[in-house]
Amino acid sequence: MLTIFQNEPLLFVDGPPIFIKVAITVEESTSIFISTSEERPVAEYEEQVSVVEALPVDPIMQRKVIYLSNSFRRQAYQPLQFVMEDETVTGTIEKVEEETVWIGLGGENDEVVAVEMAKIEEILWRGKPFVDVK
């Protein structure tokens, strides 16, 4: 019979220790219900929504962002500079959701900025354009 103790490792590897930074977020679900006795006309709440045409995403830039968003590469290739039409943002890729890239600026406040992937013109690492790895 095999006995496993909780606090003892199962495998011993001779090598340096590896530390991985893991962010844990707590998500709460909230639901809003409208009572049927408080029904209001729909016309009061209708708003005009403007439709903005989405810019096409460059497939090479998308491949670079996805490659750099890997947890190991996120730590290895830092800080990155994201060159856009009117500004340059320096930071690390926090996460990628569809066509939005969340860039962590670091510093005291750990500020995170959302940038559309289509607006990124170039990604610089150490002052030089990041070479696409296939």
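1. Read from one end of the sequence to the other, the chain follows the pattern α-α-β-β-β-β-β-β. In other words, there are two helices and six strands. Please keep in mind that this is a predicted model. A few points follow that you may like to check on screen.

2. A word on the chain as a whole. Of its 134 residues, 17% are buried. The exposed surface comes to about 12,200 Å², with carbon and sulfur atoms supplying 53% of that area. As for contacts between residues at least 6 apart in sequence, 46% join residues at least 24 apart.

3. The largest pocket is probably where you will want to look early on. Its volume is about 680 Å³. The lining consists of 19 residues, and those closest to the centre of the pocket are Lys21, Ala23, Arg74, Thr92 and Glu94. By character, the lining divides into six nonpolar, seven polar and six charged residues.

4. Which elements each supply at least two residues of that lining? They are helix H2 (71-76), strand S2 (88-97), strand S3 (100-106) and strand S4 (111-116). S3 gives the largest share, with four residues. If you are setting up a selection for the pocket, Arg74 and Thr92 are among the residues closest to its centre; the residue range of H2 is 71-76 and that of S2 is 88-97.

5. Now to helix H1, which spans residues 59-68. Its buried residues are Met61, Lys64, Val65, Tyr67 and Leu68. Why do they lie on the same side of H1? They cover an arc of only 165° around the axis, and this puts them on the same side of the helix. The general rule is that an α-helix has 3.6 residues a turn, so residues three or four places apart point the same way. The cover over the buried residues of H1 includes H2, strand S1 (80-84), S2, S3 and strand S5 (120-125). A lysine, Lys64, is part of this buried set.

6. Gln62 is also in helix H1. Is Gln62 buried or partly exposed? Gln62 is partly exposed, because its relative accessible area is 31% and the buried class is for values under 20%. Leaving aside residues up to four places away in sequence, Gln62 touches Val57 and Met117. The C-alpha atoms of Gln62 and Glu99 are 8.5 Å apart in space, with their positions 37 residues apart in sequence.

7. One peptide bond deserves a glance: the one joining Gln78 and Pro79 is cis, with omega about -5°. Pro79 is placed in the loop between H2 and S1.

8. Two residues other than glycine have positive phi values. For Glu98, phi is about 50°, and this residue is found in the loop between S2 and S3. Glu98 counts as exposed, at 75% relative accessibility. For Arg126, phi is near 60°. Arg126 belongs to the loop between S5 and strand S6 (128-129), and with a relative accessible area of 70% it is exposed. If you check backbone angles, these are two places to visit.

9. Val113 is in strand S4. At 24% relative accessibility, Val113 counts as partly exposed, since buried means under 20%. Not counting residues up to four places away in sequence, Val113 touches Val101, Trp102, Ile103 and Leu105. For Trp102, the C-alpha separation from Val113 is 5.6 Å, at 11 residues apart along the chain.

10. Lastly, Gly106 has its place in strand S3. Its relative accessibility is 33%, and Gly106 therefore counts as partly exposed. From C-alpha to C-alpha, Gly106 and Thr92 are 8.1 Å apart in space and 14 residues apart in sequence. Thr92 brings us back to the largest pocket, as one of the residues closest to its centre.

Conventions:
Residues are numbered from 1 along each chain as its sequence is written. This is a predicted model: local features need pLDDT of at least 70, side-chain atom pairs count only at pLDDT 80 or more; totals for chains, interfaces and linings use all residues. Side-chain values use heavy atoms; hydrogens and water are left out. On a 1 Å grid over the protein atoms alone, a cavity is a set of points where a 1.4 Å probe fits but cannot get out, and a pocket is an open set with protein on both sides within 12 Å along at least five of seven lines; lining residues have an atom within 4 Å of a point. Grid points are joined across faces, edges and corners, and a volume is the space filled by probe spheres set on the points. Ala, Val, Leu, Ile, Met, Phe, Trp, Tyr, Cys and Pro count as nonpolar, Asp, Glu, Lys and Arg as charged, and the others, Gly among them, as polar. Buried means under 20% relative accessible area, exposed over 50%, partly exposed in between (1.4 Å probe, protein chains only). The arc is that of the directions from the helix axis to the C-beta atoms. Contact means heavy atoms within 4.5 Å. Accessible areas come from the Shrake-Rupley method with a 1.4 Å probe; for residues, only the protein chains shown count as cover.
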